[in-house]
Amino acid sequence: MPNCPNQPRNLKGCTCSYSSCGNRGVCCDCVAQHRAAGEIPGCFFSKAGERSYDRSAANFVQDQE
Ligand code: SF4
């Protein structure tokens, strides 16, 4: 688990429902992980889109329609 002083504050606004992920509330690591995979963090998706756990760019575009 990373040591981020902003984690408690970030967690209040985190909409990711993947509760076992160690990046929750550590937005820099979350973004870096998904960016490296060509993906988009869960908080950019609608509630239903986030729940799919498909963080692909294609699913993000579909989620906006
Ligand atoms: S969006 Fe991905 S990296 Fe970020 S907290 Fe959720 S599962 Fe973890």
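**Notebook: a four-helix chain with a ligand**

I began with contacts along the chain: of those between residues at least 6 apart in sequence, 27% join residues at least 24 apart. I note that this is a predicted model.

**Overall layout**

I looked up the secondary structure next and found 4 helices and 0 strands. Read from the N terminus, the order of elements is α-α-α-α. For overall dimensions I took the box filled by the C-alpha atoms along the principal axes, which is roughly 35 × 25 × 15 Å. I then checked the radius of gyration, which is 12 Å for the chain; a compact globule of 65 residues would have one near 11 Å, so the two agree. I also looked up burial, and buried residues account for 12% of the 65 residues.

**Ligand surroundings**

Which residues are around the ligand? I listed Cys16, Tyr18, Cys21, Asn23, Arg24, Cys30, Gln33, His34, Pro41 and Gly42. Sorted by class, this shell has 5 nonpolar, 4 polar and 1 charged residues.

**Cysteine 14**

I went to cysteine 14, in the loop that runs between helix 1 (7-13) and helix 2 (27-36). Leaving aside residues up to four places away in sequence, cysteine 14 touches Arg24, Gly25 and Cys43. Of these, I had already listed Arg24 among the residues around the ligand. How exposed is cysteine 14? I entered it as partly exposed because it has 19 other C-beta atoms within 10 Å, and a residue needs 20 or more to be buried.

**Glycine 13**

I then looked at glycine 13, which lies in helix 1. I entered glycine 13 as exposed because it has 9 C-beta neighbours inside 10 Å, where the limit for exposed is 12 or fewer. I also took the distance from glycine 13 to glutamate 65: the C-alpha atoms are 24 Å apart, with a sequence separation of 52 residues.

**Alanine 37**

My next entry is alanine 37, in the loop between helix 2 and helix 3. Alanine 37 counts as exposed because it has 10 C-beta neighbours inside 10 Å. I took two C-alpha distances from this residue. Alanine 37 to cysteine 14 is 20 Å, across 23 residues of sequence. Alanine 37 to glycine 22 is 17 Å, across 15 residues.

**Arginine 35**

I placed arginine 35 in helix 2. Is arginine 35 buried or exposed? Arginine 35 is exposed, since 11 other C-beta atoms lie within 10 Å. I looked up glutamate 50 as a partner for a distance: arginine 35 and glutamate 50 are 15 residues apart in sequence, and their C-alpha atoms are 16 Å apart.

**Tyrosine 53**

I finished with the backbone at tyrosine 53, where phi is positive, about 60°, although the residue is not a glycine. Where does tyrosine 53 lie? I found it in the loop between helix 3 (47-51) and helix 4 (57-64). Tyrosine 53 has 12 other C-beta atoms within 10 Å and is therefore exposed; that count sits at the limit, as exposed means 12 or fewer.

Notes:
Residues numbered from 1 in each chain as written. Predicted model: local features only at pLDDT ≥ 70, side-chain atom pairs only at ≥ 80, totals over all residues. Near = placed C-beta within 6 Å. Nonpolar A, V, L, I, M, F, W, Y, C, P; charged D, E, K, R; others polar. Helix = DSSP H or I, 4+ residues; strand = E, 2+ residues; numbered from the N terminus. Contact = placed C-beta atoms within 7 Å. Rg over C-alpha atoms; globule rule 2.2 N^0.38 Å.
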